[in-house]
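Load the model in your viewer and keep the selection box handy. This tour goes stop by stop, with something to select at each one.

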Amino acid sequence: MSIEELNVVAVVGAGTMGRGIAQAFAQGGYATTLYDVDPDAAHRGLEAIEETLEKGVARGKVSAEARDATLERLRVESDLGEAVIDADLAIEAIPEVLDAKREMFAELDSRCPERAILVSNTSSLPIATLAAETARPARVAGLHFFNPVHAMKLVEIVAPEATGHDVVDTLRAAVESLGKRPIVVRDVPGFATSRLGVSLGLEAIRMVEEEVASPADIDTAMELGYNHPMGPLKLTDLVGLDVRLSIAEHLARELDERRFAPPALLREMVAAGKLGRKTGEGFYLWRDGKPVPREAT
Ligand SMILES: NC(=O)c1ccc[n+]([C@@H]2O[C@H](COP(=O)([O-])OP(=O)(O)OC[C@H]3O[C@@H](n4cnc5c(N)ncnc54)[C@H](O)[C@@H]3O)[C@@H](O)[C@H]2O)c1
């Protein structure tokens with residue numbers, strides 16, 4: 001399928017990511033349906049999209065016409081079969097649970113038109129395992145958006161060996177049509193982003209353990225010395241230390257035990273409930289959503 005033939009998009013799962021992805025495609029000119037197993041979640045998703053668009057209008061980033069046209073192209077569906085019946089592209093954004101996603105791919109394969117491309121927004125699960133649930137492995141890939149979708153430019157296209165080159169090309173063009181930047185990554189644990197981002201974060205935590213410098217100074221090293229918009233420890237606090245720990249454990253298991261071994265300090269902080277911004281304390285103290293270096297208090 002070429003990009004000209006890709007007109008109808010179905011998003012399955014209307015949580016944090018699904019609603020953002022549905023908004024991006026509707027705003028990009030695609031007829032988009034949003035489905036969630038929980039009808040309330042789907043409606044909350046639509047409300048959140050309306051709010052985000054409204055904020056965009058207030059800030060002058062979205063015109064009132066674009067807001068109205070986006071909402072016209074968007075439809076909430078409470079039946080999966082109805083949601084995907086015409087889909088050229090079906091995007092799975094349900095929770096990160098392998099068995100649930102496998103079941104969903106089998107279901108999507110049986111309910112979507114034969115031409116449809118099926119993708120998952122998974123951050124870590126193997127795409128080939130999902131493709132194996134379908135009779136169309138050449139038309140299955142990963143399409144990994146970042147949070148918040150409306151603000152984040154990157155999309156990782158994850159392509160197992162069986163994925164067709166034409167499918168990768170179409171997905172690349174689709175991502176570009178949303179004003180975002182695609183990268184194409186092999187179907188390996190951690191893709192490109194988690195593998196690199198977690199490596200840097202783990203090394204920064206080891207540096208805190210070795211008292212090389214304070215967390216704030218380690219972050220400043222990357223922010224001012226390497227032009228990173230945010231240092232690795234602040235980012236770890238934002239993502240959640242528990243989330244980072246489970247990704248590190250996954251990469252240690254699947255990729256390299258030594259390189260991704262979680263530092264003892266990370267385990268201790270998670271066990272103590274210091275999970276970062278969401279608990280008010282991590283490598284920084286978080287006050288009113290802002291990081292405050294410990295030494296400044
Ligand atoms: N949150 C992030 O920052 C982020 C970033 C990138 C990728 N991801 C990935 O995106 C996916 C979704 O994450 P999220 O944070 O949006 O999760 P979420 O928990 O916010 O939303 C998941 C939604 O899926 C719905 N759901 C559950 N089972 C379903 C089913 N069988 N059919 C239809 N809907 C179902 C739930 O009701 C919920 O509304 C996960 O694979 C996650 O790893 C998340």
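In what order do the 8 strands of the open sheet run? The order is 3-2-1-4-5-6-7-8, and the pairing is mixed. Keep in mind as you look that this is a predicted model.

**Stop 1: the edges of the sheet**

Select 74-77 and then 181-186. These are strand 3 and strand 8, the edge strands. Each of them pairs on one side only. Now turn the view to follow the twist. From one strand to the next, the twist averages 25 degrees.

**Stop 2: strand 7 and its two partners**

Select residues 154-159, which form strand 7. Is strand 7 mostly covered or mostly open? It is mostly covered, with 5 of its 6 residues buried.

Add strand 8 to the selection. Strand 7 and strand 8 run in the parallel sense and share 6 bridges. Pick out two of the pairs. L154 stands opposite R181 in strand 8. A159 has R186 as its bridge partner.

Now swap strand 8 for strand 6, residues 140-144. Here the pairing sense is antiparallel, over 3 bridges. Label G142 and look across to strand 7: its bridge partner there is V158.

**Stop 3: a cis peptide bond**

Stay in this region and select P148. This proline lies in the loop between strand 6 and strand 7. Most residues other than glycine have a negative phi, and most peptide bonds are trans. The bond that joins N147 and P148 is cis, with omega about -5 degrees. Keep N147 labelled for the next stop.

**Stop 4: around the ligand**

Show the ligand and the 22 residues around it. Which of these residues come nearest? They are G13, G15, M17, A41 and N147. So N147 takes part both in the cis bond and in this nearest group.

Colour the shell by class. You should find 11 nonpolar, 8 polar and 3 charged residues. Next, select helix 1 (16-27) and helix 5 (98-111); each supplies at least two residues of the shell. Helix 1 gives the largest share, 3 residues.

**Stop 5: helix 8 against helix 10**

Two packed helices are described by the angle between their axes and the distance between the axes. Select residues 193-209 for helix 8 and 232-239 for helix 10. Their axes are 9 Å apart, at an angle of about 110 degrees. That angle makes helix 8 roughly perpendicular to helix 10.

Which residues meet here? On the helix 8 side, show L200, G201 and A204. On the helix 10 side, show P232, L233, L235 and T236. The contact is made of 5 nonpolar and 2 polar residues, with no charged ones.

**Stop 6: what encloses helix 10**

Keep helix 10 selected. Of its 8 residues, 7 are buried, so this helix is largely enclosed by the rest of the structure. The buried ones are P232, L233, K234, L235, T236, D237 and V239. Show the elements that cover them: among these are helix 8, helix 9, helix 11 and strand 10.

Step just past the end of the helix. G240 follows helix 10, and its phi is positive, near 110 degrees.

**Stop 7: two positive phi values outside glycine**

Jump to E211. It sits in the loop between helix 8 and helix 9 (215-225). Its phi is near 55 degrees, a positive value in a residue other than glycine. Is E211 buried or exposed? E211 counts as exposed because it has 7 C-beta neighbours inside 10 Å.

Now go to D288. Look for it in the loop between strand 9 (285-287) and strand 10 (290-292). The phi of D288 is also positive, near 50 degrees, and this residue is not glycine either. D288 is exposed, with 5 other C-beta atoms within 10 Å.

**Stop 8: one long distance**

Finish in helix 11, residues 241-254. Select E249, which lies in this helix. E249 is partly exposed, with 14 other C-beta atoms within 10 Å. Draw a distance from its C-alpha atom to that of G20. The separation is 28 Å, for two residues 229 apart along the chain.

Terms used. Residues numbered from 1 in each chain as written. Predicted model: local features only at pLDDT ≥ 70, side-chain atom pairs only at ≥ 80, totals over all residues. Near = placed C-beta within 6 Å. Helix = DSSP H or I, 4+ residues; strand = E, 2+ residues; numbered from the N terminus. Nonpolar A, V, L, I, M, F, W, Y, C, P; charged D, E, K, R; others polar. Axes fitted to C-alpha atoms, helices over the stretch in contact; angles between N-to-C directions. Parallel < 35°, antiparallel > 145°, perpendicular 65-115°, else oblique. Contact = placed C-beta atoms within 7 Å. Pairing = 2+ DSSP bridges. Buried ≥ 20, exposed ≤ 12 C-beta atoms within 10 Å, placed from the backbone.
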